[in-house]
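The following exercises are to be worked with the sequence and the model in view. Attempt each task before reading its solution.

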Amino acid sequence: MKEANTEKALLEGLARSDRKAIEIIYKENFNAIQSLVVNNNGSADDAKDIFQEAMVVLYEKAKSGSFELNCLIKTYLYSVCRRLWLKKLLYQNRFTINDVQEESISVEEDLEDHDQKDQEFELMEKAMGSLGEPCKSLLEAFYLQKRNMQEIALSFGYTNSDNAKNQKYKCLMRLKKAFFLQYKTEL
Amino acid sequence: MDDVKILEAVERYITGQMTPDERVYFENLRKSSSEIDQLVVEHTFFMQQMNRYDQTKKYKSLLADTHLHLAEKGAIQSTRLQGKAKIVYLYNRHKRTASIAASIAGITALAISMLVSSVTPTSQKNDIALLNGEIKAIKNQNQQQKREIDNIKQNINVTTAPIVYKTGGTSFLIDVAGYLVTNAHVVRNAQHIAVQNSKGQDLAAQVVYTDALRDLTILKITDTSFKAPVSIPYSIKKTSAEIAEPIYTLGFPRNEIVYGEGYLAAKTGFNGDTLTCQIAIAANPGNSGGPILNNRGEVVGILSAKQISAEGVVFATQSKYIYKALAQLQKDTSFQRIKLPSTSSVKGLDKTQQVKKISDFVYRVKVN
């Protein structure tokens, strides 16, 4: 009973990007994943990448709120990592994976979800990267840091908040254009 | 102008900042105009995308940070050093090739030894013993010389006054065993060199290699109180950086570590010099020898000089020449163990975090 409680608390923490929760999950699972990857033609850096991607999958799942806790976090992460690594090996034409533990649960659907989200993330990153300054900082200040227009006008050196608003509008249109152009062709 | 207002209204509608009256009015508008309706749907989706992007980005950076933190504490097997994991990996990867190579080598060795033993009659034991004796004699002689040198050294030490350092520069670690890189001109004509770590402690150091043409010097910390760190957080880039790539540097223009930020301005240096590159960064005397890093925490150059006749034109030696300098140095086998850091563990962290980790590896050079 107690175990289920802490696992639940950990997932809730993860959904909030809580540093402590991430650290606990990381500490308890990383070494197992590292030995899985390293024993199957991977390097320590590969292990780090695979594990962090799996952590993102778990995070997305925890945040969606629909995460049914029908297995331990450990089992889930292991299954995701195993699948991700197998995919990468297939990509490099090496097929087999020797491991101590088979995948006990199916994570195929979650990974499809993740692929979609990952692509969206990369699109946004590319679109943001194509913007340049001060557009990027301006949009980040307004939409992500939720600062108000007067403050932004002051710190970016606009004469009044209307000017800043117009500039923000132009930047947003550019960002949207860059994002949707790719989004429609790729997804 | 109108579009700006419409967007503002849509945003206030989505975030729920409208008064009830406004809201009713806007919803009517939405029903009557499909354009506005579509804009609301599209913008809601886009805002979600942006928020998700932001959260995921923060989360990823937190993951990278956690990894570094845990690896430093030793709570997880850290990525770079662990011998066992690496050996298993290399073994698995190359076992087939290695076993074939080994069997060929084995067969050849057997064949040759058979050939040799069938041809030569044996009487070599004495030779070997003799050789041994000679080595012993040389060893004794060496020890004697060492003792004499030590004596002389001690005598000198008694007479010298405390060293006063006059000029200085910056350097950074390239190997955990205490090897640093700086500019050759920083330590030119130096009698005594000391490097000062982030705690303000002076450590004696020695020049082990100088390449005057490329203005590079490798120093080794000889002080016994030097504590070797576990790993180096940045990597040294083998290829040159791109124009307009944002870069930053850490250095000691005064007695305190100072951060400076800029970009790569040109791929060649003063008068088209291809050994260096031009960067735009604020630099002062004392910045020489400091690392130039990009956003991924890779060293792309070493700050070396600035043009006096022009404002804000600074030159840096390209980082690939560190590899070349090291290759030269390693012709002497006692330096075989030096290994340049090839992966950056601060990649993905934000700038403040990167600088925090890196500043412990940048040393002030003091020269007398």
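Three exercises with worked solutions follow.

This is a predicted model, in which local features need pLDDT of at least 70, side-chain atom pairs count only at pLDDT 80 or more, and totals for chains, interfaces and linings use all residues. Residues are numbered from 1 along each chain as its sequence is written, while chains are lettered from A and ligands numbered from 1 in the order in which they are written.

**Exercise 1.** Compare the expected span of helix α3 (residues 34–73) of chain B with the distance between its end C-alpha atoms.

*Solution.* Helices are DSSP runs (H or I, at least four residues), as strands are (E, at least two), numbered from the N terminus. The expected span is 1.5 Å times one less than the number of residues. For the 40 residues of α3(B) this gives 58 Å, and the end C-alpha atoms are 58 Å apart, which agrees. Just after α3(B), B:G74 takes a positive phi of about 80 degrees.

**Exercise 2.** Determine how many residues of chain B are in contact with chain A, and which element contributes the largest share.

*Solution.* Contact requires C-beta atoms, placed from the backbone, within 7 Å. By this criterion, 29 residues of chain B touch 29 residues of chain A. Of the chain B side, α3(B) supplies the largest share, 15 residues.

**Exercise 3.** Identify the buried residues of helix α6 (residues 320–329) of chain B.

*Solution.* A buried residue has 20 or more other C-beta atoms within 10 Å of its own, with C-beta atoms placed from the backbone. In α6(B), these are B:I322, B:A325 and B:L326. Their cover includes β1 (167–175) and β2 (179–183) of chain B.

Conventions. Contact = placed C-beta atoms within 7 Å. Buried ≥ 20, exposed ≤ 12 C-beta atoms within 10 Å, placed from the backbone.
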